[in-house]
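Colleague: I have just started learning to read protein structures, and I would like a close look at the strands in the middle of this one. Could you take me through that part slowly and explain the terms as you go?

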Amino acid sequence: MEADEEKLNRLREAVIKSPDDIVLRERFAGILLGNGLPEEAEQEYKKALARSPGNVRLKLGLAKTYYCRGKNSAALVILENIAQAGEAPAEARLLYAELLLGEGDPESAAREYRKAVEADPSKADPALAGRLGIGPEETAGTGGAADESHIPAEDVPRPSGAGPQPPRISFRDVCGMEKVKEEIRLKILCPFCKPEIYRDYGKSPGGGILLYGPPGCGKTYIARAAAGEALNAHIRFLWIGVDDILDMWTGDGGRDLHMYFDYARRHRPCVLFFDEADVLAADRAGMRDVPGSRIIDQFVMELDGQRYSNEGVLALAATNAPWRLDPAFRRPGRFDRMLFIPPPDKKERTELLRFLLAGKPAEDIDYGGVAKKTEGFSGADLAALADAAVETKLREAMGKRRPVPLTARDLLAAAEKIRPSTVDWFRTARNYAVFSNQDGFYNDVLAYMRTI
Ligand SMILES: Nc1ncnc2c1ncn2[C@@H]1O[C@H](COP(=O)(O)OP(=O)(O)OP(=O)(O)O)[C@@H](O)[C@H]1O
Ligand SMILES: [Mg+2]
């Protein structure tokens, strides 16, 4: 281990001394990845790519770091780019096959797998082949020498679940939010599953939907569940974090963004999900000549789909600061459908508390009673409340050396210490709703505020 650390430090120094030595940097990045340091590997691959943008091995290396960090969508887009150019090494196709299988597209996965083994029989992977339904006669490998800096796809550590793409969930894992689920079914899933019915009513699947609302109330969470539902329905779902666009690989956010849309258009039906979209779609006023404003222009252009049709491509975005969005994004054809994600109501809070504390040592708690006292709490606030109560109890149990069941009183005591985080949001939203609601943008917020 010590020797590895020493070797890494020596390489680190060598790379600093010879910043333009691409081969050295690639080797260093590969070793970082093999040593479980994907973040640093990612930075090294990006630096190398900035110096050698067309280098396929570097692209593959970067795709592996994304895969390893659970950023499957970014990995998928890069691998597709390599495969499209017809220059994919067998290793790239294998990883691509793995990801396609995860995306619920076993046919394309099997195609890529076959191409990989055809190009290099030593790369045959019986386990992957088995999962793809490919028989052993096709998977007989000859074995081959491994290059130290080149980590085979099967050796890239699997995402741990802590990354931006945690394990798959579906609507069943989301407490309450029935209205939102219904809207997502109607507006996102059904148009893709039953496009003919949609067309009968003069609507075409695709377009843009914006989820907005106070922080911690489940926008990202429900989008994750929607992704799970989409995959079950064979609709692709690409998850695009802001840092993926601002710094995905080429240092040219506009081009990266185009790659995502391009991918989606080639794989309709496809949902592109932009989390924290207020950064990507920020108001350009006062932002002239900043690189960010170019990305925003590109985003508008991609959404408009003037050069390429966007039929079957749905752009879904989430923000807790809708007032930061450039108004251009709300024009027809762009994010013209809005979905307000309110804080959980009393029934939903009851359900969420029960869900959060399921399986913990507890008395028969009146969750409804606790829900009543947690008006304005977001899902994240309730999770913090449950955590705090559990921690207090755990400390007590450690002292007494036996489990001490949680009580409603513990939960209420924890609630006392938490300030509901939606209060400030509604204060700000009210200002916008009262003073700049020309196009009715905040009508749902106003309607909601009348009910509380
Ligand atoms: N309806 C729900 N069911 C189960 N868990 C929920 C629900 N709503 C929120 N949570 C929990 O609260 C956490 C915070 O929610 P999430 O990250 O989706 O909020 P958000 O609306 O995206 O916030 P932000 O605007 O800050 O990004 C989730 O990770 C999840 O654990
Ligand atoms: Mg979020």
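Modeller: Here is a walk along the strands, followed by the core, some loops and the ligand. This is a predicted model, in which local features need pLDDT of at least 70 and side-chain atom pairs count only at pLDDT 80 or more, while totals for chains, interfaces and linings use all residues. Residues are numbered from 1 along each chain as its sequence is written, and chains are lettered from A and ligands numbered from 1 in the order in which they are written.

Let's set the scene. The chain has 21 helices and five strands; both are DSSP runs numbered from the N terminus, with helices being H or I of at least four residues and strands being E of at least two. Buried residues make up 42% of its 452 residues. A residue is called buried if 20 or more other C-beta atoms lie within 10 Å of its own, exposed if 12 or fewer do, and partly exposed in between, with C-beta atoms placed from the backbone.

Now to strand β4, which covers residues 313-319. Seven of its seven residues are buried, so β4 is largely enclosed by the rest of the structure. Its residues point two ways: Val313, Ala315, Ala317 and Thr319 to one side, and Leu314, Leu316 and Ala318 to the other, and all of them are buried.

What lies alongside β4? Strand β1 (residues 207-212) runs parallel to β4 and is joined to it by six bridges; two strands pair when DSSP finds at least two bridges between them. Within that pairing, Leu211 has Ala318 as its bridge partner. Strand β3 (residues 270-274) also pairs with β4 in the parallel sense, over five bridges. There, Cys270 is partnered with Val313, and Phe274 stands opposite Ala317.

Stepping over to β3, five of its five residues are buried. Cys270, Leu272 and Phe274 point one way, while Val271 and Phe273 point the other. Strand β2 (residues 236-240) runs parallel to β3 and is joined to it by five bridges, with Ile240 partnered with Phe274. So you can trace Phe274 to a partner in β2 and to another in β4.

Just before β3 there is something to spot: the peptide bond from Arg268 to Pro269 is cis, with omega near -5 degrees. Pro269 sits in the loop between α13 (253-266) and β3. Most peptide bonds are trans, and most residues other than glycine have a negative phi. Met177 has a positive phi, near 50 degrees, and lies in the loop between α8 (126-131) and α9 (178-193). Met177 is buried, because 24 other C-beta atoms lie within 10 Å.

The strands also lead us to the nonpolar core, which is a set of buried Ala, Val, Leu, Ile, Met, Phe, Trp, Tyr and Cys residues joined through C-beta atoms within 7 Å. The largest one has 116 residues, and those with the most contacts inside it are Leu79, Tyr113, Leu238, Val271, Leu272, Phe273 and Leu316. Helix α6 (residues 90-102) gives the most to this core, with eight residues. In soluble globular proteins, nonpolar side chains tend to be buried together. Tyr113, for example, touches Leu94, Ala97, Leu128, Ala129, Leu132 and Ile134, leaving out residues up to four places away in sequence; contact here means C-beta atoms, placed from the backbone, within 7 Å.

Another residue to find is Ala281, in the loop between α14 (277-280) and α15 (291-304). Ala281 counts as buried because it has 26 C-beta neighbours inside 10 Å. Beyond its neighbours within four places in sequence, Ala281 is in contact with Ile296, Phe299, Leu325, Asp326 and Phe329.

Finally, look at ligand 1. It is surrounded by 16 residues, the closest being Pro215, Gly218, Tyr221, Asn320 and Gly379; a residue counts as near the ligand if its C-beta atom, placed from the backbone, lies within 6 Å of it. The elements giving two or more residues to this shell are α11 (219-232) and α18 (379-400). At least three residues come from each of domain 2 (171-340) and domain 3 (346-416), with domain bounds taken from an automatic or database assignment.

Technical notes
Contact = placed C-beta atoms within 7 Å.
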